[in-house]
Amino acid sequence: MTAILGLLIPVEALAQGNAIQDIRHEFYKCTLDYKYASPLLEKLKGIKAPSALELAYTGATEAILAKPGWNIFKKMGHLKRSRDCFNHAVALDFSDVEIRFLRLSIEHHLPGYLGFSSHILQDKQMILDSMDFFENKDLGQEMVDFILKFCAESGVYTPSEVTYLKQALYASQ
């Protein structure tokens, strides 16, 4: 019986790896067009016992849904749920660089007066200090390009930091 359980664990991990790759791809599509956000959010909310990373993608998707529309109460509801998901995700896995990048990219795009952008400097530094963590992730070219585009265009990172991130990310692929 133990041998059977031992064989199931890698298969389960492989299935979860494929699922997160699908979530990354669908999230990337959300960043290009809001129409993909609602179906992704429903998929993420349907996950029983989500991982910290899945919670972070839930939070990021909630934030994307706050952008379209005119109802300020709905927008604030999405942003509060986003914040709660990110807080929970970071509490579950404080050292996951991908979670920190997602939170950083969302907080960067929010107006400061809303009070949802308090982790930008902390997340930026954590990402710079932990780039070797990306070596253990199979992000795929689409996500690497997304990360590098944000880092280069956001103004959060200096040109030398962008160069460092680019080298580290391409070395991890």
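This passage describes confidence, one helix and the nonpolar core in a predicted protein model.

Residues are numbered from 1 along each chain as its sequence is written. In this predicted model, local features need pLDDT of at least 70, side-chain atom pairs count only at pLDDT 80 or more, and totals for chains, interfaces and linings use all residues, while side-chain values use heavy atoms and leave out hydrogens and water.

The protein chain has an average pLDDT (the predictor's confidence in each residue, from 0 to 100) of 87, and 88% of the residues score at least 70. Over residues 1–15, however, the pLDDT is below 50, and beyond near neighbours in sequence this stretch has 0 contacts (heavy atoms within 4.5 Å) in the model.

Helix α5 (helices are DSSP runs of H or I with at least four residues, numbered from the N terminus) covers residues 97–108, and its end C-alpha atoms lie 16 Å apart, which agrees with the 16 Å expected for 12 residues because the expected span is 1.5 Å times one less than the number of residues. Of these 12 residues, 11 are buried (under 20% relative accessible area, with a 1.4 Å probe and protein chains only). At the start of α5, a side-chain oxygen of D96 comes to within 2.8 Å of the backbone nitrogen of E98.

The largest nonpolar core (buried Ala, Val, Leu, Ile, Met, Phe, Trp, Tyr and Cys residues joined through side-chain atoms within 4.5 Å) has 50 residues, and Y57, L102 and Y157 have the most contacts inside it. Helix α3 gives the most to this core, with 9 residues. Leaving aside residues up to four places away in sequence, Y157 touches L104, K124, I127, L128, C151, V162 and L165.

Terms used:
Helix = DSSP H or I, 4+ residues; strand = E, 2+ residues; numbered from the N terminus. Polar contact = N/O pair within 3.5 Å; in protein donor to acceptor, adjacent residues only side chain to side chain.
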